[in-house]
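Thank you all for making time this morning. Please have the sequence and the structure in view while I talk.

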Amino acid sequence: MRFLLSLLAALTLASALAHTEVTGITPAAGARVVAPKTVTLTFGEPVNLRFSTFKVVPLPAGADAAQTAAAALARKDDAKLRADTAPVLTGMAARVTLPLHSGLKPGTYLILWRLLSEDGHPVTGHSTFQVR
Amino acid sequence: MILVLAAAQALTFLGSLLLLGGTFARRALTPAHPAPRWLGLGGVLLALGAALEVGGTLAGLGFLTPTDTLAYLTDTGPGRAALTRVMGAALLLAAELSGWPVLFPVLASGVLLWGEAGGGHGGAHGLATRALTALHAGGMGVWLGGVLALLTHPAPTPALARRFTPVALGGVALLAGTGLLLTLAHAGNLLTLPGSAYGRTLLLKLACVALALLAAVVVRRAFAHSSNVRPHLALEALLLLAVLGVTAALVTTPPPTHVHPQARLSRP
């Protein structure tokens, strides 16, 4: 019985730590801020940056965020279209900071990511913020 | 994308069943049966499943060069699991076809199952859950491998069935125990199972398992009455293959413990 309880406790603890998720974004979703210098994403566990994609792109007025995010993720060699400086990321990290170009124009910006979750499934998501 | 990963899992399960279950049957139940070509087919399916899983994942991530593939196989948990699985399969095939002592196929099966358990949700909850997943897959392989060996045996006698019964019961007990613990790890509260796609898929799997158990009882009765057992064995095997199919869908469905409001699994 004690063995079973220990096993259950181990499983419960493991499940609390197991899933890859974005736990924090700066600027926060929907925030209205002065042009930031960086965007930071925090994950529930270290992710393999070699197989992850992070971008910050302008979201045109009236455009659908999900469609714009999907199109931006699929684009290659798009450094000129991005608000971030397209850094090359490697290694494992639980926090990623993306430098942004200076003097972002006022408007809505889209932070998007696609990362390899621990169970091998690609996880995608996006968030927006506004520059005033 | 999800369909590709589910197909890859189905190939992996089928290959593992033919290779691992077939080896078990040849060693412990029906000597020299099934024929080596079925074990070879299992190895090929396992390799195809691993290739499809790795290729599908890398395509979903947008990394498709040979360098990306090599880095994925060596630097990521899912990649290393796929590689381990294929190496275990090759070792098991070599051990069985060369007639190595029983310790070698047992160790090779362990490597194969460890690699199999490292793909999907089994590799995402720590070593305890991965070990349970490996045992779960091993129990299923032994049960279905034995059933298929009896079904395809030229003379499926009651004596063979009697030899298989305790093994099958052990496999079912292992499946039930590890299945319960894995459900707690992945789904959390059992009462909330109908509320998620993962839970509903899991309930469908349990229904298929229950039907397979009923079919197994009918098979034992058919053996006892010396009637034609093949149709009953075929039904049990089909139901167990259905369990494998549902499991392939299950491992590509995000469990409730994986869902986060800011992250979602990508779908085509």
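What pattern does chain B follow when it is read along the sequence? Chain B runs α-α-α-α-α-α-α-α-α-β, that is, 9 helices and 1 strand, where helices (H or I, at least four residues) and strands (E, at least two) are DSSP runs numbered from the N terminus. Before going further, I should say that this is a predicted model, in which local features need pLDDT of at least 70 and side-chain atom pairs count only at pLDDT 80 or more, while totals for chains, interfaces and linings use all residues. Residues are numbered from 1 along each chain as its sequence is written, and chains are lettered from A and ligands numbered from 1 in the order in which they are written.

Let me stay with chain B. The C-alpha trace of chain B spans about 60 × 45 × 30 Å along its principal axes, and 48% of its 268 residues count as buried, meaning that 20 or more other C-beta atoms, placed from the backbone, lie within 10 Å of a residue's own (12 or fewer would make it exposed, and anything in between partly exposed).

Now to helix H9 of chain B, residues 230-250. Its 21 residues should span 30 Å at 1.5 Å a residue, and the end C-alpha atoms are indeed 30 Å apart; the expected span is 1.5 Å times one less than the number of residues. Among the buried residues of H9(B) are His232(B), Leu233(B), Glu236(B), Leu239(B) and Leu240(B), and what covers the buried residues includes helices H1, H6 and H8 of chain B.

Helix H5 of chain B, residues 103-117, reaches 21 Å from its first C-alpha to its last, close to the 21 Å expected. Its buried residues include Pro105(B), Trp114(B) and Glu116(B), and their cover includes H1, H4 and H6 of chain B.

The unreviewed UniProt entry annotates residues 86-114 and 197-219 of chain B, among others, as "transmembrane region", although such annotations may be inferred rather than shown by experiment. Residues 197-219 are 100% helix, with end C-alpha atoms 33 Å apart, whereas residues 86-114 are 83% helix, with ends 11 Å apart.

Finally, chain A holds an open, antiparallel sheet of 3 strands in the order E1-E3-E5, where two strands pair if DSSP finds at least two bridges between them. E1(A) and E5(A) stand at the edges with a single partner strand each, so one side of each is left without a neighbour in the sheet. E1(A) and E3(A) pair over 4 bridges, and Ile25(A) stands opposite Leu41(A) in E3(A).

Note on methods:
Two residues are in contact if their C-beta atoms, placed from the backbone, lie within 7 Å.
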